[in-house]
Structure formats: C-alpha cells, structure tokens
Amino acid sequence: MTRFKTLDDLPANLTGQVALVRVDLNLPMQEGRASDVSRVEAVRPTILELSERGAKVLLLAHFGRPKGKRHSTLSTSLVQGDLERVLQREVMFIPEVSGPVVAQAIGILRPGDIGLLDNVRFWPGEEANDPAFAAAMAEHGDFYVNDAFSAAHRAHASTEGLAHLLPAYAGRAMERELAALEQALGSPQPPVVAVVGGAKVSTKLAVLQNLVGKVQHLVIGGGMANTFLAARGVNVGASLCEHEMIETANAILNTAEQAGCTVHLPYDVQVAREFAARPESLRICNVHELGADEMILDIGPQAAEALGDVLKTCRTLVWNGPMGAFELEPFDAGTVALARMAAALTQDGSLISVAGGGDTVAALAHAGVADAFTYVSTAGGAFLEWMEGRRLPGVAALEA
Ligand code: ADP
Ligand code: MG
C-alpha cells in the first residue's frame, strides 16, 4: 500500500505550530441552516486532536461554486455556527485565506484555538491551482493536513498545491477512507464482488471497465442492467435502456469473460407500466416475460436471493449504485434485501463491505444498515473516480 504520513508522524506536542487543515464543509443548506452536519462530524476527530496537541488549527474549505468571486451567500461564515455546535468549541471566523488579516488572526489565536478561513473558491487561484496563491496560503502554516477525501479528485490549490509547499499529512477521516478503499480494491481479500447499479451505463462506464479486470464477481443492477439484458437479447419493453450503449455493454461482457469475472444480471424483476409508488400495474416476472409497455424498476426476489448467495461466497464487497428505483416503494425491495444481507455478513465477520455514492448512501440509510457496513463513503465524485481506478490528485500529493 502506498504510504501516507498521518497525524502520528507529527510531534506529540504541536504547541506554537499553525496547522492548515483542508476539510469538507460544503454542507447541504436549508433556510440558512445545515440540513445535515455529517461532514463536520467526519472531520471533528482531526480538528480536536490537533487542537488538543496544542496547534492553532486553521480550517480551509470551499462552499458552493462562487467561481472565483466573493459572494456573501457563499461565505463559510454561514457554517461557523454548525461547526461550533458539532465541535463544542468556539471557532473564530477569518474573512480571508491569506495576507495580513490571517496573520493578525493567528496572532490572536492561542495554542489549541480554531479558526475558520473564508471560502477558498472566492479566489480564482484555488481552482486554477495557482502556485502563487497556494504559496500565499502556505506562508501562514507550519504544516498541512488534508481531511477532505471528497475533494481529492480536484487538483486545486487547497487540495493539491499546498501539499507540495508544506509538510503534508492525511487527517484521520482521510486516513480511514484510504484504508477502507485499500481494503476494498487496492489489495482486497478475494473473492471480491462488485455491485454496480444506478440509472445509466454511460455514467458508470469507466467504473465497469475498471472493475471487470479486478473482481471475481460483477453484479449489475438498476437501470443499467437493462442495457446489459438488451445486449444479451432480452426484450426490455419500455424500460430505461441506452440502446446506443449495447455494443459497449457487449464489450464489457467479453472483457469480463476473458478476465474470469462472472457477471450477474437479474433473471426476475419487478415491473410496472407507470413510474410511481405502489402502481396498480406492479408485477414480478422473469426478464423474458416483459410486456412491451412494461418497465423494469427493480430486481426480483429470486435475483436478490441469488445475489445473497454470491455475497456469501465472497470475502470483499464494493458497492456503488442502487438495484432499482429505490425512491419508490416497492422498488426499494431489491436494494434493501441485498443491503441487509451484506450488513449481516459483515457483522458475522465473513465480509468486508465498502459502499459509496450519493444515492447509494441514501439507499443504505433507507435500509437502516449504513452503520453495519465496514465503511460507507460519503464522497460522491471522488469515490466514483476512485472506483474508475484513477489516481486522485489530492491523494497522490500526500504520498510519502
Ligand atoms: P449513486 O448516486 O449512488 O452513484 P446513481 O445516481 O448512479 O447512484 O443511480 C441512482 C438512481 O438510479 C436512482 O435515482 C434510481 O431511481 C435510479 N434507478 C435505479 N434503477 C432504476 C431502474 N430500473 N429504472 C430507472 N431508474 C433506476
Ligand atoms: Mg446519484
């Protein structure tokens, strides 16, 4: 495994040092308040540990998409209250990211105090990864900590540039995420099963192409399974299906065969004529029995059971994408059943389970099992890029 420096590589006593800590504070907001503070909870251990060890902790984060200009509605000061509440600590807001205002604030902060810099994307140098901009920020810090895996797929000044200018360390959340990902795909215990679902093949093409060469079992569910079924000659009726991707789907199936990867597609499905919760036209049928006006909206109970048997033979599971239109009952059934089986096997100690993706996290929470997985990544884009087998610039820059 690639080595990263962590907070363990820093001296125990950091009194007098200034830590520049990149965090993810891009909280979902509703009426001026964060509707979910789990991102703050994720970075709390790093912030409090550095503080307890005596460092002055300066938090760097982006908030929304200000495109290189100041916007009062996108200031990180909007999440200062949430930060204070979750940390149970006072946090000083500093309306800049470099320059005399920051220097003055550092002079006021005592060892262990926490400061929150303004939205780093107010400055065009951030997204341009401008070395001069990174250097202006680096001037204020003795070392840099990156605890924002979710932003690591961007080569920006605060996620990448700074790591080359200051001694750089992975924070505790980053460290956990990297360890989980390493366990799932870096050097996993075989056999490995990848579950890929969601709406479309086109958004997950690179994921599928990367996985077929790495895992022993590939489960394809959700809307994208329809394209694969169509590639195998199944008439998918009115289902969501990317007919222009059929050749690509066939190429993936061929690659899988050559690589010794078994692809699992559903053979029974939940179908309906309308896209609605509990539709009257709901029925369960074999994939070969679909009517021309019917849509596949979930895998069926037999498919779910068969997939459960696949999970039982595997040691490692990596999962992105729901098995059906889980937002509508009963089309959550396949995803919920599979999630609960994975959770039970994880709790029994026979399976290492790592999942990620915006809708996937929501689906696992809906199934009530998010905490029973080995690791659930809330980093949407970064998690997908990692599943595509790409090197994330923010992670690469931390490599020791
Ligand atoms: P993630 O955010 O976890 O990466 P995606 O965004 O790729 O997942 O996919 C989630 C979406 O796929 C959900 O909105 C879900 O309703 C949709 N979906 C899953 N199965 C089907 C299906 N059979 N037909 C239509 N939409 C589906
Ligand atoms: Mg999604």
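## Ligand 1 and its surroundings

A residue is counted as near a molecule if one of its heavy atoms lies within 4 Å of it. In this predicted model, 18 residues surround ligand 1, and Lys204, Ile296, Glu327, Asp359 and Thr360 come nearest. By class, this shell is made up of 6 nonpolar, 9 polar and 3 charged residues.

Two secondary-structure elements, strand E14 (295-299) and helix H12 (358-367), each contribute at least two residues to the shell. The largest share comes from H12, with 3 residues.

## Polar contacts and burial of the ligand

The side chain of Thr360 places an N or O atom 2.4 Å from an oxygen atom of ligand 1. Backbone atoms also take part: a polar backbone atom of Gly223 is 3.1 Å from a nitrogen atom of the ligand, and a backbone N or O atom of Ala325 lies 3.5 Å from a nitrogen atom of ligand 1. Of the 580 Å² of accessible area that ligand 1 has on its own, the protein covers 83%. The site occupied by ligand 1 is the second largest pocket.

## Internal cavity

The structure contains 1 cavity of 30 Å³ or more. The space in the largest cavity amounts to about 30 Å³. Its lining consists of Val219, Ile220, Gly221, His264, Leu265, Pro266, Ile299, Ala303, Leu307 and Met323. Strand E10 (217-220) and helix H10 (301-313) are the elements that give two or more residues to this lining.

In terms of class, the lining of the largest cavity comprises 8 nonpolar and 2 polar residues, with no charged residues.

Terms used. Residues numbered from 1 in each chain as written. Chains lettered and ligands numbered in written order. Predicted model: local features only at pLDDT ≥ 70, side-chain atom pairs only at ≥ 80, totals over all residues. Heavy atoms only, no water. Polar contact = N/O pair within 3.5 Å; in protein donor to acceptor, adjacent residues only side chain to side chain. Areas by Shrake-Rupley, 256 points an atom, 1.4 Å probe, with all protein chains shown as cover. 1 Å grid on protein atoms, 1.4 Å probe; cavity = no way out; pocket = protein on both sides within 12 Å on 5 of 7 lines; lining within 4 Å. Sits in = over half its atoms within 2 Å of the grid points. Helix = DSSP H or I, 4+ residues; strand = E, 2+ residues; numbered from the N terminus. Nonpolar A, V, L, I, M, F, W, Y, C, P; charged D, E, K, R; others polar. Points joined across faces, edges and corners; volume = space filled by probe spheres on them.
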